Amino acid sequence: MVETLFEDIFRVDQLDPDGKKFDKVNRIEARSDQFDMYMQLDVNTEVYPMHVGDKFMMVLASTLNLDGTPDSGFFTPGGRKSLADKFEYVMHGKLYRISEEGSGANVKADIYVSFGGLLMLLRGDPAIAAKFELDQRLFILMRKVDKA
């Protein structure tokens, strides 16, 4: 069974907070329900349109193999089932920076991942950041859930 590194449901609060930079990409700002994580994520909206108020499940995993075996790094076409089958939008990237800000009870960890130039910042509880390591290869998987 594949073990995910992080999963939560997020709500899109804002699109392009610093203005629109690219035609087919939006930077979304979202906050998660369960862990109160803040996220900025660049999304290819030509492939996966996002709107303010959308709720989506987001998962970070180190492999798409359902048995949890490491990913080979190569696409192998065929009828094999994978974690990606349960999601609408999947990207592969690399964690390039982890940092902490604040002090005492107000410490927040920042995780930065690049998905082929589409960037993600995930900010929140340092205990969650402890599951990640620098230069780790990650998959982000997303699917929209009903608005509640």
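How many residues sit between β5 and β6 in their hairpin, and which glycine in the turn has a positive phi? There are six residues between the two strands, and the glycine is glycine 102, with a phi of about 90°. That turn is a handy way into this predicted model, and the close-ups below take the rest piece by piece.

**View 1. The whole barrel, strand by strand.**
Eight strands make a closed barrel in this model, and the neighbours pair in the antiparallel sense. Going around, the order is β1-β2-β3-β7-β6-β5-β8-β4. From one strand to the next, the twist averages 35°. If you want a refresher on what holds such strands side by side, strands of a sheet pair through backbone hydrogen bonds, and they can do so parallel or antiparallel.

**View 2. Strand β1 and its two partners.**
Here we look at β1, which covers residues 6–15. On one hand it pairs with β4 (residues 55–61), running antiparallel over six bridges. Isoleucine 9 has methionine 57 as its bridge partner in β4. On the other hand, β1 is joined to β2 by five bridges, again antiparallel. Look for phenylalanine 10 here, with serine 32 of β2 standing opposite.

**View 3. The β5–β6 hairpin.**
Back to the hairpin from the opening question, now for its strands. β5 spans residues 89–101 and β6 spans residues 108–115. Seven bridges hold the antiparallel pair together. One spot to pick out is serine 99, which faces aspartate 110 in β6. Glycine 102 marks the turn, with its positive phi of about 90°.

**View 4. β6, wrapped up by its surroundings.**
Of the eight residues in β6, six are buried, so the strand is largely enclosed by the rest of the structure. β6 also pairs with β7, antiparallel and over seven bridges. Isoleucine 111 has leucine 122 of β7 as its bridge partner. Two residues separate the strands in the hairpin of β6 and β7, where glycine 116 takes a positive phi near 60°.

**View 5. β7 meets β3.**
Now follow β7 (residues 118–124) across to β3 (residues 38–44). These two run antiparallel and are joined by four bridges. Leucine 122 turns up again in this view, as the bridge partner of methionine 39.

**View 6. Aromatic rings in company.**
A pair of aromatic rings is described by how far apart the centres are and by the angle of the planes. This model has five aromatic pairs. In one of them, tyrosine 96 and tyrosine 112 have ring centres 6.0 Å apart and planes at 45°, so the pair counts as tilted. Tyrosine 96 belongs to β5 and tyrosine 112 to β6, so the pair ties together parts that are 16 residues apart in sequence. Tyrosine 96 is partly exposed at 39% relative accessibility, while tyrosine 112 is buried at 15%. Elsewhere, ring pairs link Phe6, Phe10, Phe35 and Phe56 into a cluster.

**View 7. The second largest pocket.**
This pocket has a volume of about 160 Å³. Its lining includes Asp16, Asp18, Lys21, Arg27 and Asp42. Phe22, Val25 and Leu118 are also among the lining residues, as are Gly19, Asn26 and Gly117. By type, the lining divides into five charged, three polar and three nonpolar residues. Strand β2 (residues 25–32) supplies the largest share, with three residues.

**View 8. Two aspartates with positive phi.**
Most residues other than glycine have a negative phi, which is the reason for a close-up here. Aspartate 36 has a positive phi of about 50°. You will find aspartate 36 in the loop between β2 and β3, where it is partly exposed, with a relative accessible area of 43%. Aspartate 135 also has a positive phi, near 70°. Its place is the loop between α1 (126–129) and β8 (137–145).

**View 9. Helix α1 comes back to the start of β1.**
Isoleucine 128 lies in helix α1 and is buried, with a relative accessible area of 8%. Isoleucine 128 and phenylalanine 6 are 122 residues apart in sequence, yet their C-alpha atoms are 7.6 Å apart in space. Phenylalanine 6 is one of the rings in the cluster from View 6.

Note on methods:
Residues are numbered from 1 along each chain as its sequence is written. This is a predicted model: local features need pLDDT of at least 70, side-chain atom pairs count only at pLDDT 80 or more; totals for chains, interfaces and linings use all residues. Side-chain values use heavy atoms; hydrogens and water are left out. On a 1 Å grid over the protein atoms alone, a cavity is a set of points where a 1.4 Å probe fits but cannot get out, and a pocket is an open set with protein on both sides within 12 Å along at least five of seven lines; lining residues have an atom within 4 Å of a point. Grid points are joined across faces, edges and corners, and a volume is the space filled by probe spheres set on the points. Ala, Val, Leu, Ile, Met, Phe, Trp, Tyr, Cys and Pro count as nonpolar, Asp, Glu, Lys and Arg as charged, and the others, Gly among them, as polar. Two strands pair if DSSP finds at least two bridges between them. Axes are lines fitted to C-alpha atoms, for helices over the stretch in contact, and angles run from 0 to 180 degrees between N-to-C directions. Rings of Phe, Tyr and Trp (its six-membered ring) pair if their centres lie within 6.5 Å; planes under 30 degrees apart count as stacked, over 60 as edge-to-face and the rest as tilted. Buried means under 20% relative accessible area, exposed over 50%, partly exposed in between (1.4 Å probe, protein chains only).
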